Every structure is written in C-alpha cells, then in structure tokens.
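This is a walk through one structure for a reader who has not met it before. Please look at the sequence and the model first.

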Amino acid sequence: MRPSGKCRRYDLLALLVAANELRRELAGNIVTYVVNRNINFTNICFVGCKFCAFSRGPREHDTYFLDPRQVADKAAEAWELGATEVCIQGGLPRGLDPFYYRDILRAVKNAVPAMHIHAFSPMEIVYGVELTGMPLRDYLMMLRDNGLGTLPGTAAEILDDDVRYVLSRNKLSPEQWKEVIRTAHTCGSRTTSTLMYGHVETPEHWVNQLLLLREIQSETGGFTEFVPLGFVHQNTLLFQQGLSRPGPTLAEHLKIHALARVMLAGSINNIQVSWVKLNRKLSQLCLQAGANDYGGTLMEENISREAGATAGQYTSPEEFHSLIREIGRIPAERNTTYSRIQIKMPFECFPAEPLLEPEFA
Ligand code: SF4
C-alpha cells in the first residue's frame with residue numbers, strides 16, 4: 001500500500017526531529033565554519049559534465065588559466081584576510097603540465113607555509129596520474145610531501161554507473177573514485193565526502209551512497225565531513241535538454257541533510273550545509289535538520305554562480321556569527337580537519353540549555 005500524503009508528511013517531520021536530536025547529541029549546539037578562500041585556477045575543461053555551467057572549451061572568449069605563482073598570490077592575499085585554508089580545484093585542460101598540481105602546492109607553501117591546502121578532486125588526481133604516469137599511491141604521496149593537506153571528496157555526484165552515464169560520460173568511474181579516496185586515506189590524507197542531489201537520481205541512490213561512505217569510513221576513518229550538494233540547474237545543459245528535474249525541492253533539501261545525520265551517526269559526525277547552493281536562510285533550516293557546519297567563507301565562488309546560484313561569493317565570519325546566533329546556536333571557527341575549534345561568542349551570551357522535565361516528578 002502506498003503511504004498517504006499525510007503519512008509521508010509525518011514521516012518527514014519524524015526524520016527531521018530525530019536528525020536534530022542526533023545532531024544535538026553528537027555535535028552539540030556549536031555551528032562551525034572555516035575561514036577559507038576558493039581558488040578555481042582554470043575554467044578550461046575537456047570533461048563536459050552536463051550539470052556544469054562553469055567549464056569552457058579552450059577557444060571560448062572568456063577562458064582563464066592561473067599559473068602557480070598567481071595561485072600563490074591569491075593564497076597570500078587570503079592569509080592576510082585571516083584565511084586558514086585555500087580550497088583549490090579547477091577544470092581539466094588538455095595538455096596540462098604533468099606536474100602543474102605539484103607546482104601549485106610548492107608555490108602556495110613557499111608563499112604561505114602555514115596555510116592548509118585543501119585541493120584536487122579525485123577527478124584531478126586521476127588526471128594527474130595519467131599525465132605523470134606515476135602509480136596512484138606514489139602520486140598522492142608526492143602531493144602530500146609537497147604540502148597537500150586534505151582533498152575534497154567532490155567529483156562523486158552520484159556514484160552509480162547509470163546516473164553517471166546521463167550526467168557525465170567522461171568522468172571518473174565510481175570504482176576510480178573509491179580507489180582514489182581509499183588510497184588517499186591510507187596515505188594519511190583525509191578527505192571530505194559529497195553527494196549531488198536534485199537531478200535524475202532517486203532516494204535509493206542517496207541511501208546507497210551514504211551506506212558506501214559509512215563502509216569506507218569504517219575501514220579508513222579518513223572522512224572529515226559529509227556535504228550534500230544541491231543541483232543548481234538554471235544554466236546547465238542537463239536541465240536545458242530536459243534530462244533532469246529543476247533542482248531539489250525544499251523537502252529534498254531537508255531530507256538529505258536529516259538522512260545523512262541519521263545514517264552517518266557515529267561514522268561521519270560533521271554534516272555541512274553548502275550555503276552557496278542553498279542560500280543563507282535555507283542553510284539555517286538545514287542546520288535545524290541535522291547539520292552542524294556552515295562550510296567556508298569562500299571569498300570567491302564561481303562554480304555555483306555560473307550555474308545560476310544567487311547566494312554570492314563571500315560570507316564574512318561576522319555574518320556567519322549572526323546567522324548562527326539567529327537560530328540559537330553558538331558560532332565557532334574551526335580548522336579544516338575540525339581538530340581546532342574556537343568559540344566566537346562571549347560566555348554570557350550562550351543560549352541557556354533547555355531545562356529537562358523531571359521524569360518521575
Ligand atoms: S564539473 Fe569539473 S570536470 Fe566536470 S566539466 Fe565542470 S570543471 Fe570539468
């Protein structure tokens with residue numbers, strides 16, 4: 001028997017309440033954020049993902065490419081503005097210098113030795129391996145030895161062959177994604193984990209991906225966080241060709257954050273909202289549906305903006321503080337791996353813990 005609409009509404013409500021309660025138990029009332037800068041070093045890319053409005057062919061009029069020195073200059077600027085992390089990813093141009101990714105790390109570390117470098121998606125790692133001819137493990141260790149701190153677990157979208165065939169036939173396979181992630185973790189480099197929702201996938205894909213992430217985490221312990229990424233559809237071929245739905249519904253946004261909290265409880269305890277995709281208000285709602293991290297200040301953001309997102313490119317720490325305090329929680333700045341957390345609120349302003357009713361009064 002199919003559940004009635006009313007029953008489904010109650011199910012959603014129960015899921016949200018359970019997720020929020022689990023968040024309170026596992027992450028407390030603190031909402032963290034990281035002061036970082038996004039650096040997308042080029043928009044030239046041959047991969048051709050249909051959900052991406054950021055990439056350009058090499059002969060288009062508005063292409064750009066930053067050399068390692070220019071990336072380092074941006075990192076130095078970010079350091080001056082208080083950033084502790086740079087997040088570096090970009091398109092994949094043909095004929096890239098085989099050691100370009102390594103040279104970016106060297107240049108950034110040379111300019112700002114204490115900056116944490118969070119860089120290179122599994123797709124970029126596979127490309128770097130192809131360009132250099134090095135074994136995957138050796139390649140990852142070379143990057144680590146040249147300053148790579150952590151890797152984004154992006155390029156995952158939905159780790160299912162059929163979905164990937166529609167989204168991006170040239171992208172790395174689910175097996176390659178898992179191999180890069182597992183190898184990075186066993187080399188001592190931690191990663192984030194992601195899932196893109198609201199396009200052609202079904203809830204079954206969400207559940208399968210969360211189960212997979214939980215399985216990898218139980219083997220390696222290498223994931224720092226999980227970030228659901230809502231599909232921004234407006235300017236993408238995937239939507240314009242009628243192949244996808246127009247991004248996630250409000251219920252889907254809430255459900256994926258809550259489901260992730262429930263399914264990853266005790267495994268990956270940091271669930272991040274992507275404010276750039278959700279916008280700030282919806283992010284606040286998702287923080288009440290299981291999430292505990294606001295992500296990064298970003299300083300510059302290109303990928304979601306090109307696809308049609310309107311949340312802007314930068315959220316200042318002060319803005320994070322007031323957004324977090326508006327929902328009665330405690331703002332705290334963290335580092336990339338959540339190993340250092342600094343509360344950003346005077347003690348007397350802490351929200352009072354709700355008094356528990358005595359059970360056997
Ligand atoms: S998502 Fe990344 S790999 Fe795919 S087309 Fe865009 S820039 Fe290229």
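**Sheet, ligand and cysteines**

In the sheet of this predicted model, T194 has V227 of β7 as its bridge partner. The wider pairing behind that bridge is between strand β6, residues 190-197, and β7, which run in the parallel sense and share 6 bridges.

Both strands belong to an open sheet of 6 strands, where the order is β2-β3-β4-β5-β6-β7 and the pairing is parallel. At the edges stand β2 (36-40) and β7 (223-230); each has a single partner strand, so one side of each is left without a neighbour in the sheet. On average, neighbouring strands of this sheet are turned by 25° against each other, direction ignored.

The next topic is the ligand. Around the ligand are C45, V47, G48, C49, F51, C52, S55, G91 and K171. Sorted by class, this shell consists of 5 nonpolar, 3 polar and 1 charged residues.

Cysteines also raise the topic of disulfides. A disulfide is a covalent bond between the sulfur atoms of two cysteines. How many disulfides does the structure hold? The number is 0. Why does C187 not form a bond with the closest cysteine sulfur? That sulfur belongs to C87 and is 20 Å from the sulfur of C187, which is too far for a bond, given that a disulfide needs two sulfur atoms within 2.5 Å.

Is C187 buried or exposed? C187 is buried, because its relative accessible area is 6%, and buried means under 20%. C286 counts as buried as well, with a relative accessibility of 0%.

Methods: Residues numbered from 1 in each chain as written. Predicted model: local features only at pLDDT ≥ 70, side-chain atom pairs only at ≥ 80, totals over all residues. Heavy atoms only, no water. Pairing = 2+ DSSP bridges. Helix = DSSP H or I, 4+ residues; strand = E, 2+ residues; numbered from the N terminus. Axes fitted to C-alpha atoms, helices over the stretch in contact; angles between N-to-C directions. Near = heavy atom within 4 Å. Nonpolar A, V, L, I, M, F, W, Y, C, P; charged D, E, K, R; others polar. Buried < 20%, exposed > 50% of the residue type's maximum accessible area, 1.4 Å probe, protein only.
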